[in-house]
Amino acid sequence: MQEIISRAKELLENGTVARVLGWKIGDLPYNPEPAYFETAKDLENFVYNGFCGANLSKYMIEASKLEGKTMICLKPCDSYSFNQLIKEHRVDRDKAYIVGVGCKGKLDIEKIKKAGIKGIESISGIEMTDAADTLEIKTIYGDKTMSYADAMLERCHVCKGKDHVIYDELIGESKDTKDAERFAEIEKIEAMSPEEKFEFFKAELSKCIRCNACRNVCPACSCRKCVFDSNKFDSAQKANVDSFEEKMFHIIRAFHVAGRCTDCGECSRVCPQGIPLHLFNRKFIKDINELYGEYQAGADAESKGPLTDFTFDDAEPSVVAERG
Amino acid sequence: MSVENQFKPKIVAFCCNWCSYAGADLAGSSRLTYPADVKIIRVPCSCRVNPMFILRAFEKGADGVIICGCHPGDCHYSTGNYYARRRMTLLFSMLDYIGIENGRTRVEWVSAAEGVKFSQTMNEFVDKIRSLGENVRLGDLRCKK
């Protein structure tokens, strides 16, 4: 973390960048928030630890319109989102100075809370320099411990790799934290009967309060005008239980980002209701991989997306019924 | 089952202006029959069909949705149906994934000369939807028990 701060100060001083896009200390020990830093003094609040899961690439859309360059801190998986945004001409590569920061898996406070650890005062073992595999958590009810891997975000268990796909310089070591099969959950659902599938998704989607957090955080959801905000549409009333979008919001959103979603997992991370939204996006990724060849959105900034491309011998839609 | 009690499905057919709509016309002028349960909506091209149209049709009470377009390679706009093919494949797969019976959606390529195929397809599709019964699942996904 100190390395990033001193490098940021250097870049601000010599005028390479006008601002730094990073994370600042939040109200609680486990909620750092995305922030701009414009002076060396601001950087006193800079933080980079295991809870800095937020993907900053979307903030670069606005930062691309500002005067001067922006230093942006990207973790390996965030760099895929950034690449995808370049492909869609949403960010200006020349306006960004990308510092690839090391990552050894990010933590999910919800998992810690679910393990029954409440009233957290401080957590040690979250610093990126730490080699510790255990979190030492001080709570008002006494000291607790939890293994780092158990507290990791779902997306870190299916890590895309420790390499940044785009950067100007790298600071810190990364670790591939993959220890689960990416499509295992999807396959489990696919194996269910239609009734079970329906009940499963009904139970999950019933939790949705239409707070739009998943849409607002998604780097692929970067339309200036969103279909869900149109007042000519039923979606104008967010709390309207009977309206079409209340039921279909998540399917439509997943379809809008199909072929562009890098599987960064931000939607599931921010959902206040804990809906596993990545299950929708990952299903599309799985289908695209199976039907149109392996494709990782954001792996490069040039190739055509699978839904803006075709081949003459693509599978017919009846393949869905045929494969059962 | 008496005629009054028989389930009358509501079926929406999106037909491309250049092939399938003309195919439906040919079916009519050839005096071929297909059930009146099928409501045709003419679209400029099969790729005009936004996946949302299909979801919305179900939402508004359709029991089945069929998309008809030119045969691949014959699109009036050269490539529209190739894009539609990918989109619809992914959408149908997603509907299957969330537990919607996959017989409720179908894509069929019908040319302007295939009046017979049009009428056969529609008869088959209506029979299929009749056997599946009323569409209840897409209407109440968010309703709490």
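Chain B, with 145 residues, has a radius of gyration of 15 Å, which agrees with the value near 15 Å that a compact globule of that length would have. The model described here is predicted, and the account that follows deals with chain B, turning afterwards to the side of chain B that touches chain A.

Taken along the principal axes, the C-alpha atoms of chain B fill a box of roughly 50 × 35 × 20 Å. Buried residues make up 52% of the 145 residues in chain B, and, among contacts in chain B with a separation of 6 or more, 82% join residues that are 24 or more positions apart.

The chain is built from four helices and four strands, and these elements, read from the N terminus on, follow the order β-α-β-α-β-α-β-α.

Which residues of the two chains meet can be put in numbers: 31 residues of chain B are in contact with 33 residues of chain A. Helix H2 (51-59) and helix H3 (80-97) of chain B each supply at least two residues of the side of chain B that touches chain A, and H3(B) gives the most to that side, with 14 residues. The make-up of this side of chain B by class is set out below.

| Class, side of chain B touching chain A | Number |
|---|---|
| Nonpolar | 15 residues |
| Polar | six residues |
| Charged | 10 residues |

Seen as a whole, chain B therefore pairs a radius of gyration of 15 Å, in agreement with the compact-globule value, with a side touching chain A to which H3(B) gives the most residues.

How values were computed. Residues numbered from 1 in each chain as written. Chains lettered and ligands numbered in written order. Predicted model: local features only at pLDDT ≥ 70, side-chain atom pairs only at ≥ 80, totals over all residues. Contact = placed C-beta atoms within 7 Å. Nonpolar A, V, L, I, M, F, W, Y, C, P; charged D, E, K, R; others polar. Rg over C-alpha atoms; globule rule 2.2 N^0.38 Å. Buried ≥ 20, exposed ≤ 12 C-beta atoms within 10 Å, placed from the backbone.
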